[in-house]
Amino acid sequence: HSFNLTGQDRPERATGSVVTTDFFAALGVQAQLGRTFDPEQDRPGSARRAILGYQLWQRRYGADPAILGRAVNIDGEPVTILGVMSPRFEFPAGGELWLSARFALPEHELRPNDDPSHDRGTHFLNVVGRLKPGTTLAQARAEANTIIARAKKQFGDDEEFSGAAVIPLREDL
């Protein structure tokens with residue numbers, strides 16, 4: 001996504017992602033400054049939170065550690081900054097801002113009815129997961145196929161549920 005940051009001397013666009021609260025834990029990374037998300041921050045009605053990329057923190061906020069806990073204006077909404085990632089962390093490529101998901105709420109006041117969580121046709125989600133210890137890639141692929149089969153049964157046999165690809169992240173990158 002591209003986000004608009006306003007409320008300072010000049011507006012700026014930043015590239016980032018809307019992620020679930022376990023995103024950083026699944027990747028096994030911690031914030032360099034502050035912290036990442038708590039599980040309750042995915043709940044409907046929770047306030048929006050963000051994690052800054054190191055370069056964005058340096059460039060826009062002057063590497064000020066006092067940014068933690070402060071609300072900044074992102075896409076016209078006050079968002080509390082929880083942490084800053086290491087300069088080496090940039091996932092997905094080019095990402096410099098991560099916002100908590102809150103899928104059950106409208107994403108922006110200008111789009112009050114825009115809730116993509118129920119739309120099976122937009123393909124707006126990418127999933128990153130960690131295999132349970134002892135689970136093989138073949139087992140994970142079999143489980144993904146089982147999930148797709150359930151979805152086909154529930155929603156109909158169309159191209160939306162043609163399959164799932166389980167690919168090691170290193171290979172995908």
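# Notebook: a first walk through the model

I began with contacts, and of those in the protein with a separation of 6 or more, residues 24 or more positions apart account for 66%. I note at the outset that this is a predicted model, and that its mean pLDDT is 83, with 79% of the residues reaching 70 or more.

**Entry 1, the inventory.** I looked up the elements next and found 4 helices and 8 strands in the protein, which follow one another from the N terminus as β-β-β-α-β-β-α-β-β-β-α-α. Comparing the elements by confidence, I wrote down helix 4 (residues 169-172) as the one with the lowest mean pLDDT, 82, and strand 4 (residues 33-34) as the one with the highest, 97. For the surface, I noted that the protein exposes about 10,700 Å², of which carbon and sulfur atoms supply 51%, and that 31% of its 173 residues count as buried.

**Entry 2, strand 8.** Which strands pair with strand 8, and in what sense? I found strand 3 (residues 17-19) paired with strand 8 in the parallel sense over 3 bridges, and strand 5 (residues 49-52) paired with strand 8 in the antiparallel sense, also over 3 bridges. To place these pairings in the structure, I picked out Val19, whose bridge partner in strand 8 is Ser100, and Ala50, whose bridge partner in strand 8 is Leu99. I then checked the side chains of strand 8 and saw that both of its faces are covered, since Leu97 and Leu99 on one side are buried, as are Trp98 and Ser100 on the other.

**Entry 3, strand 6 and its neighbours.** Strand 6 (residues 71-74) reads otherwise: its side chains alternate, with Val72 and Ile74 pointing to one face and buried, while Ala71 and Asn73 point to the other face and are not buried. On one pairing, strand 6 joins strand 1 (residues 2-6) in the antiparallel sense over 2 bridges, and here Thr6 has Asn73 as its bridge partner. On another, strand 6 runs antiparallel to strand 7 (residues 77-84), with 4 bridges between them, and Asn73 stands opposite Pro78 of strand 7. I therefore marked Asn73 as a residue to find in both pairings, with Thr6 as its partner in one and Pro78 opposite in the other. **Entry 4, the turn after strand 6.** Strand 6 and strand 7 form a hairpin with 2 residues between them, and Asp75 lies in this loop between strand 6 and strand 7. The phi of Asp75 is near 50 degrees, a positive value in a residue other than glycine. Is Asp75 buried, exposed or partly exposed? Its relative accessible area is 21%, so Asp75 counts as partly exposed, buried being a term for values under 20%.

**Entry 5, other backbone points.** I kept a general reminder beside these entries: most residues other than glycine have a negative phi, and most peptide bonds are trans. Ala63 also has a positive phi, of about 55 degrees, although it is not a glycine. I located Ala63 in the loop between helix 2 (54-61) and strand 6, where, at 24% relative accessibility, Ala63 counts as partly exposed. I also looked at the peptide bond from Phe91 to Pro92, which is cis, with omega near -10 degrees, and I placed Pro92 in the loop between strand 7 and strand 8.

**Entry 6, aromatic rings.** How many aromatic pairs does a search of the whole structure find? The search finds 7 of them. I took the pair of Phe23 and Phe24 to begin with: their ring centres are 5.0 Å apart and their planes stand at 80 degrees, so the pair is edge-to-face. Both of these residues, Phe23 and Phe24, are buried. The rings of Phe23 and Phe91 have their centres 6.1 Å apart, and their planes are at 15 degrees, so this pair is stacked. The pair of Phe23 and Phe91 links distant parts of the chain, with Phe23 in helix 1 (residues 23-27) and Phe91 in the loop between strand 7 and strand 8 (97-100), 68 residues apart. Phe23 is buried, with a relative accessible area of 11%, and Phe91 is buried too, with 14%.

I closed the notebook with the cluster these rings belong to, which is made up of Phe23, Phe24, Phe37, Phe89, Phe91 and Trp98. Two of its members had come up in earlier entries: Trp98 as a buried residue of strand 8, and Phe91 as the residue before the cis bond to Pro92.

Conventions
Residues are numbered from 1 along each chain as its sequence is written. Side-chain values use heavy atoms; hydrogens and water are left out. Buried means under 20% relative accessible area, exposed over 50%, partly exposed in between (1.4 Å probe, protein chains only). Two strands pair if DSSP finds at least two bridges between them. pLDDT is the predictor's confidence in each residue, from 0 to 100. Rings of Phe, Tyr and Trp (its six-membered ring) pair if their centres lie within 6.5 Å; planes under 30 degrees apart count as stacked, over 60 as edge-to-face and the rest as tilted. Contact means heavy atoms within 4.5 Å. Accessible areas come from the Shrake-Rupley method with a 1.4 Å probe; for residues, only the protein chains shown count as cover.
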